[in-house]
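Dear colleague,

I am passing on the structure we spoke about, and it is inserted just below. My notes on what was found in it follow, chain by chain.

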Amino acid sequence: MRLAGSDTMRREGFWQRLCLEPWLFGLLLLLSLVGVATVYSATGGDGAAAWAQTKRLLLGLVALLLVARCPPQWFHGLALPGYGLCLLLLVGVHFFGTEVNGSQRWLVLGGVRLQPSELMKILLPLALAAVLAPARWPVGWLPTLLGLVLIALPVGLIVLQPDLGTALLVAAPGGFMLFLAGVRWRIIGLILAAALASLPLLWMTMHDYQRRRVLTLLDPEADPQGAGYHILQSKIALGSGGWSGKGWLEGSQARLDFLPEAHTDFIFAVFGEEHGFLGTMLLLALYIAICARGLMIAATASDRFGRLLVSTLSVTVFVYVFINMGMVSGILPVVGVPLPLMSYGGSSILSLAVAFGLMMSIYAHRQNSSLQ
Amino acid sequence: MQLSEGREQLGDFRLRLGLTLAGILLLSALISGRLWLLQTRDHSQLARRADSNRTTDLPVQGVRGLIYDRKGTVLADNVPSWQLEVVPERVEDMQATLDELAEFVNLAPHELQRFHDRRQGAREFQPVPLKLNLSPEELARLEVNRERWPGVRVQATLTRRYPRDSATAHLVGYVGGITARDLAADEAGVYRGASHIGKTGVERAYEEALRPIPGTRRLESDAQGRRLRELDYQAPIPGWDLRLTLDSDLQRATEGELEGRRAAAIALDLRNGDVLALVSMPSFDPHLFVNGISHADYQRLLDDPGNPLFNRALQGRYPPGSTIKPVFALAGLEYGLRHPRDHTYCQGWFTLPDKQRRYRDWKRSGHGRVNLRDSVAQSCDVYYYQLAHEMGIDRLAEFAGRFGIGSATGIPLPAEDVGILPSRDWKMGALGESWYPGETLNVGIGQGYMLMTPMQMALMTVRIATRGEGFEPRVVQTRSRRALVREEPVVPLPRLELRDRRHWEEIHDSMVAVVHGWGGTARAVGEGLPFRVAGKTGTAQVAGLSQEDDEAPQLDDVPYKLRDHSLFIAFAPAEAPEIAVSVIVEHSGGGSAVAAPVAKVMLENYLMRCDGVVWRPWCLEADI
């Protein structure tokens, strides 16, 4: 055992007391700053929106710090009851929810507006991890089917709202969880085949506006003022950025309102217009670094629950990034997926903060495990 | 928990983690590739689209070129005026606003129609003119109530003015509202934002020179079309100013002589083809058309029996009558059918061999023995009946055609008529009948089917005066823009070659004899002039009254519509010609009585001016 310098000791002590992983935390902080700056630009230099975003990030920071301090066993214990409660809320949305833009997503409880599907993004991985952690390896049919049922219940309810984008975002991590938990390759193959076979069925049950979005993706110029407008304008924004962009606050597409949803779902287009190809590559690299760091934490986690939870949450973040960037650059249909920590909006930041808090907690409490 | 199973499980987990990371990198590469295409390969195209998103180009109207006469008198200019405009996006209830406005300004149906038409193609934030050229009273009333209608505004513009009013309406023409068809045909975008376009006369013929090239104001605007700031400004280029060949003094004097008549008169400078005067009476006020003529006004002009919109000088078709005789006299010499001293006996009528019908001379008693000069000076018809009979219609037509009958003079003004050069082919094509010998006799004295415009008669006179030279009539002398001045080309006509050039002198002498000779038909023209005039009278019959009646009818007994046209052509000074004129006065009797005095006034007005002129002998005498 070598002696560490006193400085290093003190710094490690600082991070340990906060239960934080310094690299991941630093990357998240950097991303948040970039996000605030871009929101400021996307809202036409409106300080109010940037300040609101900052406040949400600070709130998220508090949530992250709180969650990070909690020992993983607490989450392990709360996972299934929380999942059950959230499932009830989703059922409640179906009967008592408020309708916004033709779909019921919100539930008003005691004056607080709640989007249960957002909660489910955290609770489903937790519940799955809790269920799959004790399963014998390699995972066989029974736990797999149990996991699929846990996934299918909330996803089905969300599809009914209808909110296909969120359903996808809830379902995808579930699938990854099964994969990472060690489900036999044979079973994975069968599930994938079944999923592919059910695609035509999905198409037939889709709503018209959802189909239109998919079709618009194939030919956005067919209706440049209507359904194709979003994609066309965001492609113009990205493309006009060129190599190095027009510069911060200089993007005309967002500033002059040509780009819809500029500060929320389409904030990547604003960033791309202002910082160009170099900027978007750096941003993508930042996200990859965050995910990779998460996967490294997962690899060194001390128990199976922690490994599964952290790895799944990391992949989930990347799924967000991929779907959002794919949508904005016109290779995926328009679905309401925010860009993590960049898009303006409270619930997304909060759930991400909790997710990263969970990862921090797993990391910080790894020494306590029996393996160490 | 067994350690070996745990280790194997951890190994499998890490393998799957690695696969996941590989998947992440693969998808990242997909995104990167997509961004590479968008942001580098498609960059220039998408950047252009971003620019066209944010920029709006507004046309900036330039100033239409001015029109002057040859001495610099303004014939067409632009004066400030006020027009009522509406910005549709700022008006809540368009119909209610229009109804309210109608109480303050007079909104005619054609103005409302034009407003709705122009609104179709305009964007919501672009102002659309509702009423042009507001009167001071309307302006005052609107100004008082300005706050009542947001989106309604009074805008200062320029409107076309013709200071000489009706005097130059047929030559200068007028501008009018630009039509949707004009705009559709405008591929180069020269009429972006334009409200007017040349409709007739010089305004139309020289539209390309007169019209300004609009500038551009490039504005940045947001997705709602609101203008935020000016990015670029390109100044408009004004149209060319035109200096016409027209001589306003001569034009005015000619008009004064023809006041109240239905008439046309033309004066050409035969040294270069300049149109010095072009009069068609009655005329009209060109301002009526500039800002949209009302239905009532237009109907009034159409119903006027004098047909004021009809440009008689270029479109009126008249039988040349005896004014064609010098040309046919020349034909007789050229074809060797006549010698100047050959005599024909005129007994007052002519009959074709083996035919009964008598073709009468205008002088019942006949002219007696006439040679070539007498035939022109006294305008003996029988001489030309005989000559035409000998020559035949083919040679007559061929020779007349060389003097421009039946073809355009080339004057650069719209809608010139070419008249009719009758021939066997023409008659077969137009009427489907073969030619009769008697018709040749009628053509021989400029009657029958032969029709000419006053402009053709003037050019024919030039051809005679210049001994076969002459130029295409020129209307514009120079065009200028800022410091740049460009001379319009003088286009010589192909020279008319004669077998014997001395024949020209015979014709000149005989035309001088018309004015100055003993027994000449226009002796009054030459009286009191210091220079000699060569001319020819003509009387164009409207109806064949005199052929059948033994008694020549008195002018006053004949209904106006059936009275003869009076014609006169002349050039002067006879020895060194400068100017050629043609005058026709409808339904006014013989050429010597009405048309010739008008021509005299024209020649006098032009040739008696001595300011700076040294080559006219009478000017030198006047100085002493």
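To begin with the contacts in chain A between residues at least 6 apart in sequence, 73% of them join residues at least 24 apart. Please bear in mind throughout that this is a predicted model. The secondary structure of chain A comes to 15 helices and three strands, and of its 372 residues 54% are buried.

One helix pair in chain A may interest you. Helix H2 (residues 22–42) of chain A packs with helix H13 (residues 267–300) of chain A at an angle of about 160°, and their axes are 10 Å apart. Because angles over 145 degrees count as roughly antiparallel, H2(A) is roughly antiparallel to H13(A). The crossing in which H2(A) passes H13(A) is left-handed. On the H2(A) side, the residues that meet H13(A) include A:Trp23, A:Leu27, A:Leu31, A:Val34 and A:Thr38, while those on the H13(A) side include A:Phe271, A:Glu274, A:Leu283, A:Tyr287 and A:Arg293.

Turning to chain B, the assignment divides this chain into domain 1 (52–73 + 164–244), domain 2 (81–160) and domain 3 (248–285 + 311–478 + 491–623). Taken over C-alpha atoms, the centres of domain 2 of chain B and domain 3 of chain B are separated by 55 Å.

Helix H20 (residues 502–516) of chain B has 15 residues, which at 1.5 Å a residue should span 21 Å, and the 21 Å between its end C-alpha atoms agrees with this. Which residues of H20(B) are buried? They are B:His503, B:Trp504, B:Ile507, B:His508, B:Ser510, B:Met511, B:Val512, B:Ala513, B:Val514 and B:Val515. These buried residues pack against four helices of chain B, namely H14 (325–334), H15 (372–377), H19 (454–465) and H21 (523–526), and also against strands E19 (534–540) and E20 (565–572) of chain B.

A last residue to look at is B:Val490, which is found in the loop between strand E18 (484–487) and H20 of chain B. Is B:Val490 buried, exposed or partly exposed? With a relative accessibility of 35%, B:Val490 counts as partly exposed, because that value lies between the 20% under which a residue is buried and the 50% over which a residue is exposed. Leaving aside neighbours within four places in sequence, B:Val490 is in contact with B:Asn272, B:Phe471 and B:Arg474. B:Asn272 is 218 residues from B:Val490 along the chain, yet the C-alpha atoms of the two are separated by 6.3 Å.

With best wishes

Key
Residues are numbered from 1 along each chain as its sequence is written. Chains are lettered from A and ligands numbered from 1 in the order in which they are written. This is a predicted model: local features need pLDDT of at least 70, side-chain atom pairs count only at pLDDT 80 or more; totals for chains, interfaces and linings use all residues. Side-chain values use heavy atoms; hydrogens and water are left out. Domain bounds come from an automatic or database domain assignment. Helices (H or I, at least four residues) and strands (E, at least two) are DSSP runs, numbered from the N terminus. The expected span of a helix is 1.5 Å times one less than its number of residues. Buried means under 20% relative accessible area, exposed over 50%, partly exposed in between (1.4 Å probe, protein chains only). Contact means heavy atoms within 4.5 Å. Axes are lines fitted to C-alpha atoms, for helices over the stretch in contact, and angles run from 0 to 180 degrees between N-to-C directions. Angles under 35 degrees count as roughly parallel, over 145 as roughly antiparallel, 65 to 115 as roughly perpendicular and the rest as oblique. A crossing is left-handed if the near helix is turned anticlockwise from the far one by less than a right angle, and right-handed if clockwise.
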